[in-house]
Amino acid sequence: MNKVFKWLGVTSFALVLSSPVMASSLKIKGLDGKVEDNVDAYLSALSKDDYSATLRFKEQVLNEISDALQALGYYQPKFDYQVSGSGSKMKIVVTVDQGPRAHISKSNLIITGDAKNDPAFMSLVKSSGLGLGEPLNQGKYEAFKASLMSLALRRGYFDAELTKSTLEVVPSRNEVFIDINFDSGRRYTFGETTFQGSQIDDNRLRSMIPYTEDEPYLASKLGEYNERLSNVGWFSSIFVGGDVKERKDDAIPIHVVVTPQVKNQFETGIGFSTDTGPRLKFNWKKPWITSKGHSFNLKSEISKEEPKVEAVYKIPLDDVLNDYYQIVGGIRYVDTHDTISTQFGIGVERHWRLDSGWNRTVALRWLTEKYEQGGMEKGVFNVLMPGLSYSKTSMVGGIFPTSGSKYNFSVDLANENVGSNTTFARVQAKNAWIRSFGENQRGIFRLDGGAIISDSIRDVPPSLRYFIGGDNSLRGYGYQSISPRNSQGKMEGGRYMATSSIEYQHRVYGDWWGAVFYDYGSAWNTTPDWKRGVGVGVRWVSPVGPIRLDFAWGLDKNKSNNDGFLKLSKDEFQLHFTLGPEL
């Protein structure tokens, strides 16, 4: 029995001696940049539990480093492998001399078939990084092969195949030989487009197709068509695709399968704005009414100062998205500051989208407004207003754009000889820009202006006069609290308006941004009384859109103290809260 225990003890001791000693660290020296990053990526596959001082682990480490170097064209590296310390304090340091880099001395990138002269493939070859004299990067070699097949599928070369692909390296001469033969075969075209499940006339859907039959196939065109069908709002689900198995000669039939949107959509909600206070919302939408794609949208908002109901009936024409009529109408009540007004309006609008990207609208609107303004005016305006407007919006970067611009120019007219009980002309321009400086800095600039041409401001309905101040105007001042005042000191509205704003934003953390801003503007009849506002704000890029909280001061509510410094008080402080697009 003692012999057995003795044998077990000797065996256990031998096993302990033969077990790898765990090292506490592994450090690589002598590398930098992309080479260092690639080596780190390869070595990250090694578990720290496997670190040891054994020859087997050394061989494993050096093999991983060699593979990482060869991927970037280094085939003659030299290593100095050192182990120091013992036990848990053992350290392994590998000093690497990566050696000379292999370069491409032969590059045959041959494309045959219909893609031979396709500009997209020519550009891909040019940007491959596999030309003569280029340093070897095996990742670029593999990426180029994958890109050839991917591009072929996107551009309708469904018979394409890679007939040859070889990469040979002569380490002793640091030379690389590459041969790639790619046969694209023929390029297929768009075939007939058919529709299934649609409640809308096919000719309406065809008007949105961004391709023509027999046009060379391009997958991005199908994505564009899918987006257009989604934007029109008629369908709850959309599929646009082609089946290569159903090809006829060189044409791929395109199938569009849709599910109608529900005929009635209702939305209720509670909102809040520092301009108008709390409000209740009720919206009713009919995305489609007839097979021609007519739609109806009613929006109502109940608030203390400005309850309103607005309705729009839309009649699309041949170019569904860009060419349509709208019949608009609404009722609005205003009781704010020195204005009490009940407005009823109805109108017809004709919309076009021009080839330049501008949207043009010609409108004819009827406005009846019963009002009391500034304690000195009272009456009813009946106004028939023809109008013309141009607008253009471009955004990059989703709900919180990295770059964008918005322009709007409009003119409205009224004449006593043509259906109105007053005469005036109103011209407006509203413009805004967003620009980003890197990933963490943004700037927003706004510039608005307007003018009313009339014999007297009292010849213009209060709803068309200029009152400024509030969330989207001069922060630091109350909502529409800035305008010329009459002899009783009450607001009467301005004939002219000009405002500007500059804002700088900086990312604080994740989707949270800080902001500082400066606003400047005035509304006047004869001489402008310029107002300034400054403040700081917080921006949160929420899933439903940017949420903005601003702390602002209206500087020109204040008086200078005896030292000549500006004194801020709570009377000049305004808190502004808004939800929605910045432009």
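Strands here are DSSP runs of E at least two residues long, and helices are runs of H or I of at least four, both numbered from the N terminus; two strands pair if DSSP finds at least two bridges between them. The model is a predicted one, in which local features need pLDDT of at least 70 and side-chain atom pairs count only at pLDDT 80 or more, while totals for chains, interfaces and linings use all residues. Residues are numbered from 1 along each chain as its sequence is written, and side-chain values use heavy atoms, with hydrogens and water left out.

Start with strands β14 (residues 323-336) and β15 (residues 339-353), which run antiparallel and are joined by 14 bridges. Along this pair, G330 sits opposite G345 of β15. Just 2 residues separate the strands in the hairpin, where H337 takes a positive phi near 55°. On to the next partner: β15 is also joined by 15 bridges to strand β16 (residues 359-373), again antiparallel. Here S341 faces Y371 in β16. The hairpin of β15 and β16 has 5 residues between the strands, and G357 in the turn shows a positive phi of about 95°.

Further along, there is another run of paired strands. Strand β19 (residues 424-436) pairs with strand β20 (residues 441-453) in the antiparallel sense, over 12 bridges, and N431 stands opposite L447 in β20. With 4 residues between the strands, this hairpin has G438 at a positive phi near 80°. β20 has antiparallel company in strand β21 (residues 496-509) too, through 11 bridges; in this pairing A451 stands opposite Y496.

β20 and β21 turn up again around an enclosed space. On a 1 Å grid over the protein atoms alone, a cavity is a set of points where a 1.4 Å probe fits but cannot get out, whereas a pocket is an open set with protein on both sides within 12 Å along at least five of seven lines; lining residues have an atom within 4 Å of a point. The structure holds 1 cavity of 30 Å³ or more. The largest cavity has a volume of about 130 Å³, a volume being the space filled by probe spheres set on the grid points, which are joined across faces, edges and corners. It is lined by 18 residues, with R446, D471, N472, S473 and R475 the closest to its centre. β20, β21, β24 (545-554) and β25 (573-579) each give two or more residues to this lining, and β21 has the largest share, at 5 residues. By class, the lining has 9 charged, 8 polar and 1 nonpolar residues. (Ala, Val, Leu, Ile, Met, Phe, Trp, Tyr, Cys and Pro count as nonpolar, Asp, Glu, Lys and Arg as charged, and the others, Gly among them, as polar.)

The second largest pocket has a volume of about 270 Å³. Its lining takes in 17 residues, and V232, K285, P287, S295 and K314 lie nearest the centre. At least two lining residues come from each of α7 (219-232), β11 (277-286), β12 (295-303) and β13 (308-316). This lining divides into 8 nonpolar, 6 polar and 3 charged residues.

Last comes helix α5 (residues 138-154), where Y141, F144, K145, L148, L151 and A152 are buried (under 20% relative accessible area, with exposed over 50% and partly exposed in between; 1.4 Å probe, protein chains only). These residues cover an arc of only 135° around the axis (taken from the directions from the helix axis to the C-beta atoms), so they lie on the same side of α5.
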